[in-house]
Amino acid sequence: LRAGQGFVAYERPSPAAGFTFCAQSGAASATMGQTLNAEGAIEFRAAAPQVCRLRLLRDGKAVAQAHGQRLTLVTDRPGVYRVEAHRRHAFRWRGWIWSNPIYVS
């Protein structure tokens, strides 16, 4: 936790165990709380244990979204990336998972 390699979850809608968020660029890779020194294209991958709405944010602004259990984005832009997941619970969409960021330079 001290290294930021984690996420926060509101588990009332369902357990969040198994959530992952990582990035890869060339031979370099990073997960939550780490810095990735990009070598060209950067591939981000997020996976949730249940169907949900996934949003990938760069510097606080949404850059990709998916409905399901997986989200992938390939880009070449540096920034601070994080994921949010939302699930339907008690008749409305609610925040479920909030990842720590991956820093891309």
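Student: Which residues do ring pairs link into a cluster?

Tutor: F21, F44 and Y81. Keep in mind that this is a predicted model.

Student: How many aromatic pairs turn up in the whole structure?

Tutor: Three. One of them joins F7 and F19. That pair is edge-to-face, with 5.0 Å from centre to centre and 70° between the planes.

Student: Where do F7 and F19 sit along the chain?

Tutor: F7 is in strand β1, residues 7–9. F19 is in the loop between β1 and β2. They are twelve residues apart, and the pair links distant parts of the chain.

Student: Is F7 buried, partly exposed or exposed?

Tutor: F7 is partly exposed, because its relative accessibility is 30%. F19 has 5%, so F19 counts as buried.

Student: Back to the cluster. What is the geometry of F21 and F44?

Tutor: F21 and F44 are stacked. Their centres are 6.2 Å apart, and the planes meet at 20°.

Student: Why does that pair tie together separate parts of the sequence?

Tutor: Because F21 lies in strand β2 and F44 in strand β5, residues 42–58. The two parts are 23 residues apart in sequence.

Student: And are F21 and F44 buried or exposed?

Tutor: F21 is buried, at 1% relative accessible area. F44 is buried as well, also with a value of 1%.

Student: What does F21 touch?

Tutor: Leaving aside neighbours within four places in sequence, F21 is in contact with a long list. Among them are F44 and Y81, the other members of the ring cluster. The list also includes T31, M32, L56, V83 and I102.

Student: Now the core. How many residues are in the largest nonpolar one?

Tutor: It has 25 residues. F21, F44 and L56 have the most contacts inside it.

Student: Which elements give two or more residues to this core?

Tutor: β2, β3 (28–31), β5, β6, β7 (79–89), β8 (92–99) and β9 (102–104). The largest share comes from β5, with seven residues.

Student: Any general background on that?

Tutor: In soluble globular proteins, nonpolar side chains tend to be buried together.

Student: Switching to charges over rings. Which residue lies over the face of W93?

Tutor: R53 does, at 3.8 Å from the ring centre. R87 lies over the face of W96, and there the value is 5.5 Å.

Student: What about S25? Where is it?

Tutor: S25 lies in strand β2, residues 20–25. S25 counts as buried, because its relative accessibility is 1%.

Student: What does its side chain reach?

Tutor: The side chain of S25 reaches the backbone oxygen of A41, at 3.0 Å. Setting aside neighbours within four places in sequence, the contacts of S25 are L36, A38, E39, G40, A41 and I42.

Student: And Q65, buried or exposed?

Tutor: Q65 is exposed, because its relative accessibility is 63%. Q65 lies in strand β6, residues 61–75.

Student: What does Q65 touch?

Tutor: L54, R55 and L71, not counting residues up to four places away in sequence. The C-alpha atoms of Q65 and G18 are separated by 19 Å, and these residues are 47 apart along the chain.

Student: Backbone next. What is phi at A90?

Tutor: About 55°, a positive value, although A90 is not a glycine. Most residues other than glycine have a negative phi.

Student: Where is A90?

Tutor: In the loop between β7 and β8. A90 is partly exposed, because its relative accessibility is 45%.

Student: And F91, what is its phi?

Tutor: Near 75°, which is also positive in a residue other than glycine. F91 is found in the loop between β7 and β8. F91 counts as exposed, because its relative accessibility is 80%.

Student: Last topic, cysteines. How many disulfides does the count come to?

Tutor: Zero. C22 is in no disulfide, and the nearest cysteine sulfur, that of C52, is 15 Å away. The cut-off is 2.5 Å between sulfur atoms, so this pair falls outside it.

Student: Are C22 and C52 buried, partly exposed or exposed?

Tutor: C22 is partly exposed, at 22% relative accessible area. C52 has 0% relative accessibility, so C52 counts as buried.

Methods:
Residues numbered from 1 in each chain as written. Heavy atoms only, no water. Helix = DSSP H or I, 4+ residues; strand = E, 2+ residues; numbered from the N terminus. Buried < 20%, exposed > 50% of the residue type's maximum accessible area, 1.4 Å probe, protein only. Polar contact = N/O pair within 3.5 Å; in protein donor to acceptor, adjacent residues only side chain to side chain. Contact = heavy atoms within 4.5 Å. Phe/Tyr/Trp six-rings, centres within 6.5 Å; stacked < 30°, edge-to-face > 60°. Lys NZ or Arg CZ within 6 Å of the ring centre and 35° of its normal. Core = buried A, V, L, I, M, F, W, Y, C linked by side-chain atoms within 4.5 Å.
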